[in-house]
Amino acid sequence: MIGWERLEGIAARHWHELEDGRIQCDVCPRYCKLSEGQRGLCFVRGRQDDRMLLTTYGRSSGFCVDPIEKKPLNHYLPGTPILSFGTAGCNLTCKFCQNWDISKARDLDRLQDVATPQDIVRAAIASHSRSIAYTYNDPVIFLEYAVAVAKVARERGIRNVAVTAGYVTAQAREELFTWMDAANVDLKAFSEEFYKRLCTGRLAAVLETLEYLRRETKVWFEITTLLIPGFNDGAAEVKALSEWVMTKLGPDVPLHFTAFHPDYKMMNLPPTPRATLTMARDIARAVGLRFVYTGNVNDESGQSTYCPGCGERLIGRDWYKINLWRLTGAGCCVNCGTAIPGLFEPSPGRFGRQRLPIRISDQPHASAKR
Ligand code: SF4
């Protein structure tokens, strides 16, 4: 826990007082216990005047319209644009973080764009985005802001997508996922040792979130595992992870194996070879998972969707661009009629590989300018 100067914030939820006078944050399994003037490991929640505050409400590190495949979600409104944003801070400390400039930010001044929930939803509608992604850093730590935006979005027919590491308590996840329609959950490895050494977290808590999503919600979710050479890319670990997904979540949960690029505190490692991603995909498919993808590399066959009934290629992808569509209007294989799980429309979106940064405060009708 870190001491802090007085900061602005809104009242946070999910905390309680302890008998020793400290207060405990109940948002994530770190359960930070704070004395007056301290903030938690995520840096953006802290205690001031005997209550918990969230200091990043209404302030974002940036907005961008992306293809939904970039989240990655391959079975949820394919080809459509999604307005993506994040704030600052994180509740994990991954040494390989691919967004470390945001997640490790201690200077809250980098939260440039002031945006109310209404501003964000208006920007989503103006950019023809079908969904909003709470991403770049984890919506778990900006839960009150994410939920406020998601409520307005749902009223206006915009869907909500959480991109999360799933490191969240039972109490907080219930609130978060009530407002989410889809999610991509990072399953960073399949060993407690990895989570402990590289992320200072616990694998068991993430597995619990995944089982909860499957068992108790209607949230569509896909899983991403970033394969890091020498750390989590062994065949035995990939097999164990795939078997766990198969057994606990079922064969229809899409699994993405994505390539690591040297970043943050792991600059000394090589990028993941494409052959490793292909090996992992082959293992997961052999275990029985029906939809396994490779990511962060150019691999048209590894990024395409195939019918589990007849093997027909149903959705072809060239990076994030859809170049083949062989689904019926009801989301079934045109060849054999097998239903493909997910959310599909009669035809795919045509957003392609674009990436469109936008500034909310420059949008017409924005509530705040800076
Ligand atoms: S969200 Fe997690 S890391 Fe942040 S204060 Fe709460 S328990 Fe600590």
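This text walks through a predicted model, from its open sheet to the helices and hairpins.

Start with the sheet. It is open and has nine strands. Their order is β18-β17-β16-β15-β14-β13-β11-β10-β22, and the pairing is mixed. Two strands stand at the edges: β18 (292-295) and β22 (356-358). Each has a single partner strand, so one side of each is left without a neighbour in the sheet. Neighbouring strands are turned against each other by 25 degrees on average, direction ignored.

Strands of a sheet pair through backbone hydrogen bonds, either parallel or antiparallel. One pair here is strand β14 (residues 159-164) with strand β15 (residues 182-186). These two pair in the parallel sense, over four bridges. V161 stands opposite A182 in β15.

Helices pack on this sheet. Helix α8 (residues 274-287) touches β16 (220-227), β17 (255-259) and β18. The direction of α8 makes about 170 degrees with that of β18. Helix α3 lies across β11 (81-86), β13 (131-134) and β14. It runs at about 175 degrees to β13.

Helix α3 (residues 143-155) also packs with helix α2 (residues 117-126). Their axes are 9 Å apart, at an angle of about 50 degrees. That angle makes α2 oblique to α3. The crossing of α2 past α3 is right-handed. Which residues meet there? From α2 come P117, Q118, I120 and V121. From α3 come Y145, A148, V149, V152 and A153. Of the residues in this contact, eight are nonpolar, one is polar and none is charged.

Next, look at one residue in helix α6 (residues 203-216): T209. Is T209 buried or exposed? T209 is buried, because its relative accessible area is 0%, and under 20% counts as buried. T209 touches G166, V168, R173 and F177, leaving aside residues up to four places away in sequence.

Finally, turn to two hairpins that share strand β20. Strand β19 (residues 305-306) and strand β20 (residues 313-318) run antiparallel, joined by two bridges. T305 stands opposite I315 in β20. Six residues lie between β19 and β20 in their hairpin. In that turn, G311 has a positive phi of about 85 degrees.

Strand β20 also pairs with strand β21 (residues 321-325). Four bridges join these two, and they run antiparallel. Here I315 stands opposite W325 in β21. The hairpin of β20 and β21 has two residues between the strands. W319 in this hairpin takes a positive phi near 55 degrees.

Conventions
Residues numbered from 1 in each chain as written. Predicted model: local features only at pLDDT ≥ 70, side-chain atom pairs only at ≥ 80, totals over all residues. Heavy atoms only, no water. Axes fitted to C-alpha atoms, helices over the stretch in contact; angles between N-to-C directions. Parallel < 35°, antiparallel > 145°, perpendicular 65-115°, else oblique. Left-handed = near helix turned anticlockwise from the far one by under 90°. Contact = heavy atoms within 4.5 Å. Nonpolar A, V, L, I, M, F, W, Y, C, P; charged D, E, K, R; others polar. Pairing = 2+ DSSP bridges. Buried < 20%, exposed > 50% of the residue type's maximum accessible area, 1.4 Å probe, protein only.
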